[in-house]
Amino acid sequence: MIRHPGVVVAGLGFGQIVAFACSFYLMGVLGDAIGRDLGLSATFVFATVSLSLAVPAIVAPRVARRIDERGGKPVLLASHAVLALGLVLIGFAQDGLGLAIAMTVIGFGQALGLSPTPFAILVQLYGEAARRPITGVALIGGLGSTLGWPLTAWFADEWGWRGACFVWAGVQLLVCLPLSAWLCPRTEGRPRHATGHAEVRWDRPMVQLAILFACAWFISTCMSAHLPRLLAHFGLTLAQASAAAGLVGVAAVTVRFLEFTVLRKLNPVATTRTATLMHPAGALALLTTGGAVGGSAMAIGQGAGNGMLAVAK
């Protein structure tokens, strides 16, 4: 049974908020506490974050083929279990090896459950009409930092960093897993011989675009891991830094909504040029004013630039 598209979009969007909050944005709040309690340097802790981000790059092609051949629902359901396992392993970690193993599992969960999988499910459900549902899920999922950073900080204040990991694991297993099972009908995949491969021509414009977007997402990934910590070094408490950093998601969602509506006719090259200036403008505001105002400006600049680039790409 196929649910109403609005219900599917809301459910998948909620799942994306939780998935990003408990994986991509987790260490931005918990990393320092984990390193302090386990006797690990910040460099090592965030090297494990890099490890978790390398895993999707390695396994994503195989995951994509699995979705093509078997449908997206089994992959999405597996992502909730794998992310929960990774969070539990973080919660029980006693040393650097345990943390590295846990973050590797988190990376595998990201490969299974972040944006491409729900987008593929929507295409399998709605075909050419999937554009609007995909936009809706992208808009809702963009709030992962807005809700994730403050919630993780609150969980950590109440139950410590281990407790925060266990809470997010519980949300994955007790809320997201049954919700996805209820929302998503099983879709038919395609036989392996029916899945074609598009050829990419690596001419000069393609190389330039690859460099541009690789650099942009490099900065975005750095900010996803470090922005609350960065703002804390400018005098904000962890709660204040997490709240200010959460404006990244608000700015990204707002800009994406505007670009999909009133600004959709803008030249994408002009949009990209504007987007690349947003992060430097926010950084300048933080350096010159500092405090909550500068931190908020930094987050808004980062989020707005990300949101614009996502559409322009």
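## A walk through a predicted helical model

Leaving aside neighbours within four places in sequence, S79 is in contact with G109, L112 and G113. Before going further, please keep in mind that the model you are looking at is predicted. S79 sits in helix α4, which covers residues 73–92. Is S79 buried or exposed? Its relative accessibility is 2%, and because the cut-off for buried is under 20%, S79 counts as buried.

Let us move along the chain to Q302, a residue of helix α13 (residues 291–312). Q302 has a relative accessibility of 3%, so Q302 counts as buried too. Which residues does Q302 touch, not counting those up to four places away in sequence? They are I219, S220, M223, V248 and H279. You can also set Q302 against A275: the two are 27 residues apart in sequence, and their C-alpha atoms are 9.0 Å apart in space.

Now turn to helix α12, residues 268–289, where T272 has its place. T272 counts as buried because its relative accessibility is 12%. When residues up to four places away in sequence are set aside, T272 touches L212, L309 and A312. A further pair to look at is T272 and K313, which are 41 residues apart in sequence, with a C-alpha to C-alpha distance of 8.2 Å.

K313 also brings us to the empty spaces in the model. The largest pocket is lined by 48 residues, and K313 is among those that lie nearest its centre, together with F20, S115, P116 and R256. This pocket has a volume of about 1,400 Å³. Which helix gives the most to its lining? That is helix α3 (residues 42–70), which contributes nine residues to the lining of the largest pocket.

What about spaces that are closed off? Rolling a probe the size of a water molecule over the atoms shows where empty space is left. In this model the count comes to two cavities of 30 Å³ or more. The largest cavity has a volume of about 60 Å³. If you would like to find the largest cavity in the structure, look for its lining: S23, F24, M27, G28, V49, S52, L53, M103, Q110, T221, S224 and A225. The elements that each give two or more residues to this lining are α1, α2 (27–38), α3, α5 (96–113) and α9 (204–232).

Next come the charged pairs. Side chains of opposite charge can pair when their charged atoms come close. How many salt bridges does the structure hold? The structure holds two. In one of them, D32 pairs with R229, and the closest N and O atoms are 2.7 Å apart. D32 belongs to helix α2 and R229 to helix α9, so this pair ties together parts that are 197 residues apart in sequence. As for the partners themselves, D32 counts as partly exposed because its relative accessibility is 32%, whereas R229, at 16%, counts as buried.

In the other salt bridge, the side chains of R201 and D203 meet with an N to O distance of 3.3 Å. R201 has a relative accessible area of 65%, so R201 is exposed. D203 counts as partly exposed, because its relative accessibility is 27%.

Our last stop is the outside of the model. F14, L173, L174 and V175 form a nonpolar patch on the surface, and together they have about 360 Å² of accessible area. Which helix gives the most to this patch? Helix α8, residues 144–183, does so with three residues. F14, for its part, has its place in helix α1 (residues 5–24). With a relative accessibility of 32%, F14 counts as partly exposed. Helix α1 is a good place to end, as you have already met this helix among the elements that line the largest cavity.

Terms used. Residues are numbered from 1 along each chain as its sequence is written. This is a predicted model: local features need pLDDT of at least 70, side-chain atom pairs count only at pLDDT 80 or more; totals for chains, interfaces and linings use all residues. Side-chain values use heavy atoms; hydrogens and water are left out. Helices (H or I, at least four residues) and strands (E, at least two) are DSSP runs, numbered from the N terminus. Buried means under 20% relative accessible area, exposed over 50%, partly exposed in between (1.4 Å probe, protein chains only). Contact means heavy atoms within 4.5 Å. Patches are made of residues with over 30% relative accessible area and no salt bridge: like charges are joined within 9 Å, nonpolar side chains (Val, Leu, Ile, Met, Phe, Trp, Tyr) within 5 Å. Accessible areas come from the Shrake-Rupley method with a 1.4 Å probe; for residues, only the protein chains shown count as cover. A salt bridge is a side-chain nitrogen of Lys or Arg within 4 Å of a carboxyl oxygen of Asp or Glu. On a 1 Å grid over the protein atoms alone, a cavity is a set of points where a 1.4 Å probe fits but cannot get out, and a pocket is an open set with protein on both sides within 12 Å along at least five of seven lines; lining residues have an atom within 4 Å of a point. Grid points are joined across faces, edges and corners, and a volume is the space filled by probe spheres set on the points.
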